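Trainee: I have a structure open and a list of labels to go with it. Can we go through how each label is earned?

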Amino acid sequence: MSDYFYLDVEIKLAEEPNQLSALYLKGSIERSLTKVFGEIGGQTEVDLLKFDAQRKRIILRVPKEFYVKLRAAITLIGEFQGVPCNFQVKKASPLLLSLDKVIFATAGDHATPSKVELPESEPRPGLILENGDINWNCPCLGGMAIGPCGNEFREAFSCFHYSQAQPKGSDCYEAFSTMNECMRNYPGVYKQNLNEDEDEESGGGVASMIADEGEEEDDVDEPPPAKAESESKTVATKAN
């Protein structure tokens, strides 16, 4: 821990004094210390480290045991070279760096265009990452992967994405049915994604939603129609 305290002080004057300099400012502060605390009590080493005449700001350093006395003496200064004034402590810290970066940033500094060059933003990943994994943070999923039925949604969507069955996803109806059953427990959250007219085992309402989202990604296959299983059974019956 530092043995000193640093103060960022702003001097507000009713009018311009005859001479505003670091030497006169330090003398005014030392006189206030003596006036308030006496010859003995006011004796301390006050260092004026920096002075910004344009902004009328100074940085003072004082041993930490005299910080309270110095702050009180500064606050009680009401006149500088016969001109009414007010010394305001803007900030105090045991670390000089926390003051030095702020006090000398002038209006001209802020008016100068920044020379910092930012790197070009990387393209946002889509639904399917380069390694083939599903990007569960993709906005196209509408937050479905993190809702109250997020686990069920991930299971169903993963099943469809990695399905090798023909037609694709025909082996995932149980997963979609489980997901739909979960969603019906939260109608306020999933009202737009549920299709009550579909059979509970088909999962067609959410499957259609996933298909619509998948159309925005080039490398995502569309899920099978909700009635694909029943149609395949009909064809098999006719063949027999």
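Mentor: Start with one definition. Buried means under 20% relative accessible area, exposed means over 50%, and partly exposed is in between. Keep in mind that this is a predicted model.

Trainee: Why is glutamate 10 called buried?

Mentor: Its relative accessible area is 18%. Buried means under 20%, so glutamate 10 is buried. Glutamate 10 lies in strand 1. Leaving out residues up to four places away in sequence, it touches Lys56, Arg57, Asn86, Phe87, Gln88 and Lys90.

Trainee: Lys56 is on that list. What makes lysine 56 count as buried or exposed?

Mentor: Set its value against the cut-off again. Lysine 56 has 17% relative accessibility. Buried is under 20%, so lysine 56 counts as buried. Lysine 56 is in the loop between strand 2 (47–52) and strand 3 (57–63). Its phi is positive, about 55°, although lysine 56 is not a glycine.

Trainee: Which other residue has a positive phi without being a glycine?

Mentor: Glutamine 81, with phi near 55°. You will find glutamine 81 in the loop between strand 4 and strand 5 (83–93).

Trainee: Why is glutamine 81 called partly exposed?

Mentor: Its relative accessible area is 32%. Partly exposed lies between the 20% and 50% limits, so glutamine 81 fits that label.

Trainee: Where else does glutamine 81 turn up?

Mentor: In the lining of the largest pocket. Other lining residues include Ser28, Arg31, Lys35, Leu76, Glu79 and Phe80. The volume of this pocket is about 200 Å³.

Trainee: How do you know that Arg31 belongs to the lining?

Mentor: A lining residue has an atom within 4 Å of a pocket point. Arg31 is listed in the lining of the largest pocket, so Arg31 meets that limit.

Trainee: Which element gives the largest share of the lining?

Mentor: Helix 1, with five residues. Helix 1 (22–41) and strand 4 (79–80) each supply at least two. By class, the lining has four nonpolar, five polar and three charged residues.

Trainee: Now the rings. Why is the pair of phenylalanine 5 and tyrosine 67 called stacked?

Mentor: Check distance, then angle. The count of aromatic pairs comes to five. In the pair of phenylalanine 5 and tyrosine 67, the centres are 4.4 Å apart, with 25° between the planes. Pairing needs centres within 6.5 Å, and stacking needs planes under 30 degrees apart. Both limits are met, so this pair is stacked.

Trainee: What does the pair tie together?

Mentor: Parts that are 62 residues apart in sequence, because phenylalanine 5 lies in strand 1 (residues 4–13) and tyrosine 67 in helix 2 (residues 67–75).

Trainee: What makes the burial labels of these two rings what they are?

Mentor: Phenylalanine 5 has 22% relative accessibility, so it counts as partly exposed. Tyrosine 67 has 16%, so it counts as buried. The cut-off for buried is under 20%.

Trainee: Which residues form an aromatic cluster?

Mentor: Trp136, Phe153, Phe157 and Phe160 form one.

Trainee: How do you know that lysine 168 sits over the ring of phenylalanine 160?

Mentor: The charged end of lysine 168 is 5.5 Å from the ring centre. The distance limit is 6 Å, and the charge must also be within 35 degrees of the ring normal. The distance fits, and lysine 168 is listed as sitting over the ring. Lysine 69 lies over the face of phenylalanine 37, 5.4 Å from the ring centre.

Trainee: Why is asparagine 135 called buried?

Mentor: It has 10% relative accessibility. Buried means under 20%, so asparagine 135 counts as buried. Asparagine 135 lies in the loop between helix 4 (107–111) and helix 5 (150–162). Beyond its neighbours within four places in sequence, it is in contact with Pro125, Gly126, Leu127, Leu129 and Leu141.

Trainee: Which peptide bond is cis?

Mentor: The one from glutamine 166 to proline 167, with omega near -5°. Proline 167 is in the loop between helix 5 and helix 6 (173–183).

Trainee: And the whole chain: how many helices and strands does it have?

Mentor: Nine helices and five strands. Buried residues make up 38% of its 240 residues.

Terms used. Residues numbered from 1 in each chain as written. Predicted model: local features only at pLDDT ≥ 70, side-chain atom pairs only at ≥ 80, totals over all residues. Heavy atoms only, no water. Phe/Tyr/Trp six-rings, centres within 6.5 Å; stacked < 30°, edge-to-face > 60°. Helix = DSSP H or I, 4+ residues; strand = E, 2+ residues; numbered from the N terminus. Buried < 20%, exposed > 50% of the residue type's maximum accessible area, 1.4 Å probe, protein only. Contact = heavy atoms within 4.5 Å. 1 Å grid on protein atoms, 1.4 Å probe; cavity = no way out; pocket = protein on both sides within 12 Å on 5 of 7 lines; lining within 4 Å. Points joined across faces, edges and corners; volume = space filled by probe spheres on them. Nonpolar A, V, L, I, M, F, W, Y, C, P; charged D, E, K, R; others polar.
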